[in-house]
Amino acid sequence: MQFKYKFHQVNHDKIPLLDVQITNKETGQSTQYRALLDSGAYANIFHSDIAEIIGIDLEKIKGKQVFSGVEDSGRKLSGKPCFVELMVKQGGKSHRFDAFVIFTDQVVDSGYGLLGRQFFFDRFDEIAFNFPDNSFCLRIEK
Amino acid sequence: MTLANMIKKFGGEWVAINPDDEKVLSNNKSAKKVFKEAQKKGIIAPILFKVPTKYLPFIG
């Protein structure tokens with residue numbers, strides 16, 4: 001099964017933004033969220049507002065995940081890790097899986113939520129960018 | 001709406017997007033308000049997107 005999308009483009013920058021459905025496994029509440037496919041990110045990093053939308057109370061999560069980016073500001077970034085269900089869908093096709101997401105209010109204002117290696121890239125057999133075709137695709141054997 | 005136009009018009013805000021036609025259904029600083037407004041318009045699971053305040057090449 002393959003999902004194929006066009007890049008979002010600003011100036012000459014082709015940006016692989018992807019819509020994923022996120023569901024609170026305990027309550028069934030869900031929405032869709034647009035985030036950046038980022039193989040440089042270890043994990044999925046979502047805005048904490050999304051947790052509130054699907055009924056996850058981050059105050060009740062005791063664990064904390066610390067992470068860093070490329071900047072050298074000395075600022076420690078952190079978020080609350082949580083298991084949710086993610087689903088990619090297109091037309092009549094879908095692929096859903098349980099996933100670890102770090103919810104944080106520290107996503108930079110000029111940036112995006114991230115779909116990273118753990119629990120996103122590793123849930124597909126292949127994720128490929130085709131710049132001449134202005135597209136990227138996600139493939140899963142089923 | 002293109003991402004470039006979205007940044008110009010809604011930079012720094014949350015938007016709810018209709019998955020069927022990519023139209024922006026609502027915009028606000030509050031994700032919750034944006035979500036509820038989209039649901040009032042009949043879209044149960046809109047696409048929520050925090051629009052970057054400005055375009056900067058993103059490295060991360």
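How many residues of chain B are in contact with how many residues of chain A? Let's work through this and a few related exercises on the predicted model above.

**Exercise 1. Describe the interface between chain A and chain B.**

Step 1. Start with the contacts: 27 residues of chain A are in contact with 26 residues of chain B.

Step 2. Turn to area. The size of an interface is often given as the accessible area lost when the parts come together. Here, chain B and chain A bury about 2300 Å² between them, and 64% of it lies on carbon and sulfur atoms.

Step 3. Look for polar links. There are nine residue pairs in polar contact between chain B and chain A, both residues being at pLDDT 80 or more. Elements of chain B that each supply at least two residues of its side touching chain A are α1 (3-10), β1 (14-17), α2 (31-40) and β3 (47-50). The largest share, four residues, comes from β3(B). Sorted by class, this side of chain B has 20 nonpolar, two polar and four charged residues.

Step 4. Count the salt bridges: chain B and chain A have two between them. Arg34(A) forms a salt bridge with Glu22(B), with the closest N and O atoms 2.7 Å apart.

**Exercise 2. Find how strand β5 of chain A pairs with β3(B).**

Step 1. Check the direction. Strand β5 (residues 30-37) of chain A and β3(B) pair in the parallel sense, over two bridges.

Step 2. Pick out a facing pair: Ile47(B), in β3(B), stands opposite Gln32(A).

**Exercise 3. Decide whether His8(A) is buried or exposed, and list what it touches.**

Step 1. Locate the residue: His8(A) is in strand β2 (residues 8-10) of chain A.

Step 2. Compare its value with the cut-off. Buried means under 20% relative accessible area. His8(A) has 19% relative accessibility, so it counts as buried.

Step 3. List the contacts, setting aside residues up to four places away in sequence. Within chain A, His8(A) touches Asp13(A), Lys14(A), Ile15(A), Leu17(A) and Arg34(A). From chain B, Leu3(B) is also touched by His8(A).

**Exercise 4. Describe the surroundings of Leu86(A).**

Step 1. Place the residue: Leu86(A) belongs to strand β8 (residues 77-90) of chain A.

Step 2. Judge its exposure. Leu86(A) has a relative accessible area of 0%, so it is buried.

Step 3. Name some neighbours. Beyond four places in sequence, the contacts of Leu86(A) include Phe46(A), Phe97(A), Phe119(A) and Phe120(A). Gln21(A) and Ile22(A) are also among them.

Step 4. Compare sequence with space. Leu86(A) and Thr23(A) are 63 residues apart in sequence, yet their C-alpha atoms are 6.5 Å apart.

Key. Residues are numbered from 1 along each chain as its sequence is written. Chains are lettered from A and ligands numbered from 1 in the order in which they are written. This is a predicted model: local features need pLDDT of at least 70, side-chain atom pairs count only at pLDDT 80 or more; totals for chains, interfaces and linings use all residues. Side-chain values use heavy atoms; hydrogens and water are left out. Buried means under 20% relative accessible area, exposed over 50%, partly exposed in between (1.4 Å probe, protein chains only). Contact means heavy atoms within 4.5 Å. Buried area is the accessible area (1.4 Å probe) that two parts lose on being put together, summed over both. A salt bridge is a side-chain nitrogen of Lys or Arg within 4 Å of a carboxyl oxygen of Asp or Glu. A polar contact is a pair of N or O atoms within 3.5 Å; within protein, one must be able to donate a hydrogen and the other to accept it, and residues adjacent in sequence count only if both atoms are side-chain atoms. Ala, Val, Leu, Ile, Met, Phe, Trp, Tyr, Cys and Pro count as nonpolar, Asp, Glu, Lys and Arg as charged, and the others, Gly among them, as polar. Two strands pair if DSSP finds at least two bridges between them.
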